[in-house]
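Colleague: I have not looked at this one before. Can you walk me through it?

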Amino acid sequence: MKLYPLFADLSRRAVLVVGGGPVAERKIAALLGAQAQVTVNAPTLTPQLQRWVTAGRIAHRRDAFQESWLDRVWLVVAATSDVELNRLVATFAGLRRIFVNVVDDAALSSFHVPAVVDRAPLTIAISSGGEAPMLARLLRERLETLLDHSLGALATLAARLRKRIRVRHPDMAARRRFYESLFAGPVAALLRQGRPEAARQAAEQALASSSVASAGSVVLVGAGPGDPGLLTLRALRALNEADVILHDRLVSAEVLDLARRDAERIEVGKQAGNHHTTQDGIHALLLEHARAGRRVVRLKGGDPFVFGRGGEELEFLRDHGIPYEVVPGITAAVACAAHAGVPLTHRDHAQSVRFVTAHCQSSRDTLDWTALAQERQTLAVYMGVAELGGLQARLVEHGRAPSTPFALIENGSRPEQRVITGTLSNLAERAAFHAVRSPALLILGEVAALATSLAWFGQPLGATVHELPVPNVVRPVRADVLAAVHRA
Ligand code: SAH
């Protein structure tokens, strides 16, 4: 079926909805959004519909459907579970040339309700002509993730300037170029940043100077711990719009795969003891690409402001007048805790959590070890594995009980995640025994004991008892394996 798409103005126009269940409720919610005057016809209503009736937002007819009600309506929706009634409503509506939608019945419907992405005043409607509603819904979800919510404000701003833009750029091609730069450039960025007034001023300026400044910009983006599912929607959008991506080595290939295909990818990774690119080198690259007018994404593992030197990069950009945005990411401590089943705080075990990075041997050790060694708090330690011995010694020396539990999470949240548990007294020993490698995060504190009982993520065990994990490597145990252990 090939449909003709149209957007209907229903404000203050009468619409009849036959049916009072959850489906009718959803349709009515959308109709109210379009300011239609809705009458619902059903013997009983959902609680929400009832509230709308009580509040006077919709009218209610309890008695059986009557053809004469169609006299004054513009549109009808039949949303009952009674097929015969739906058919009757559709037939009478058809006779009067009133558009009717019968829920889940494309053949009886003379109009379809599309899947909608709402960025008012911008509306994107998707229809599969009733053939593949699931596909339409899926597409809607994709578009939802791709389109920032500030798009509505952008459309409103463009509408306010429309006449003047037309006068300023009578030539169609020039006008189009102007709009393109308005929608992709700093004006859109300012709206994303929640600064509508600054956006309006930038747009006014652009209109006065007849072009939108094409200065490049930098978005500092947290890529999270590796699993692309843990990216924010904003991070995804920034990756979609990037011309250049400067990324750390820690950023996973799966995350990079989501970026715009044409975006240039440059690894500026730093690794303990192996500095590919110096911080100054990274600054120089940021400047070079932004000054060339590119949209630069500076992509960092986890969160850019947690042991990520994001602050230094912003200071540099500010000093050089390059516009920037920051998109937070899920930091390793938060991701590792979640994926190891270790709550960072717990009413019974820890009232505070500290994110620390330890450099035990170096002169940069300025940590307050007495404070770090206190009980009933959680330490989330970002560090090279080589530091574990020093850390263990310092904490015990400053009074942390050697029996304090730890969970050491290697490749947290990634398919190859391993969780090693033990107590402070055997921390370095266990890490060495299991040959733990970077990236690994240490969670130390009373809460770490829960890693054993709350584990849910990671490789399930093989089916045989012989493949039980080496002691203190926590992996979720499947019920069938447990049963096998009990039988053995
Ligand atoms: N900005 C990052 C941290 C960078 S410092 C963030 O917010 O997560 C690098 C350290 O983070 C690593 O040495 C390791 O301790 C930790 N780390 C990062 N990703 C990790 C992961 N997937 N699993 C365990 N630790 C991780």
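Colleague: What area is buried between domain 2 and domain 3?

Modeller: About 360 Å², and carbon and sulfur atoms give 29% of it. Bear in mind that this is a predicted model.

Colleague: How many residues does each side put into the contact?

Modeller: Domain 2 gives 4 residues and domain 3 gives 5 residues. On the domain 2 side, Ala-184, Arg-192 and Gln-193 lose the most area to domain 3, together 95% of what that side buries. The C-alpha centres of the two domains lie 27 Å apart.

Colleague: Where do the domains run in the chain?

Modeller: The assignment gives domain 1 as 14-113, domain 2 as 151-208, domain 3 as 217-330 and domain 4 as 335-467.

Colleague: New topic, the ligand. Which domains does it lie between, and why?

Modeller: Domain 3 and domain 4 both give residues to the shell around the ligand, so the ligand lies between them.

Colleague: How many residues surround it, and which are closest?

Modeller: There are 19, and the closest are Asp-303, Val-306, Thr-331, Gly-412 and Ala-440. By type, the shell has 12 nonpolar, 5 polar and 2 charged residues.

Colleague: What do the backbone N or O atoms of Asp-303 and Val-306 lie close to in the ligand?

Modeller: For Asp-303, such an atom is 2.8 Å from a ligand oxygen. For Val-306, the partner is a ligand nitrogen, at 2.7 Å. A polar backbone atom of Ala-332 is also 2.8 Å from an oxygen of the ligand.

Colleague: And how much of the ligand does the protein bury?

Modeller: Alone, the ligand exposes 550 Å², and the protein buries 89% of that. The elements giving two or more residues to its shell are α13 (332-340), β16 (377-383) and β19 (440-444).

Definitions and conventions:
Residues numbered from 1 in each chain as written. Predicted model: local features only at pLDDT ≥ 70, side-chain atom pairs only at ≥ 80, totals over all residues. Heavy atoms only, no water. Near = heavy atom within 4 Å. Polar contact = N/O pair within 3.5 Å; in protein donor to acceptor, adjacent residues only side chain to side chain. Areas by Shrake-Rupley, 256 points an atom, 1.4 Å probe, with all protein chains shown as cover. Helix = DSSP H or I, 4+ residues; strand = E, 2+ residues; numbered from the N terminus. Nonpolar A, V, L, I, M, F, W, Y, C, P; charged D, E, K, R; others polar. Domains from an automatic or database assignment. Contact = heavy atoms within 4.5 Å. Buried area = accessible area lost by both parts, 1.4 Å probe.
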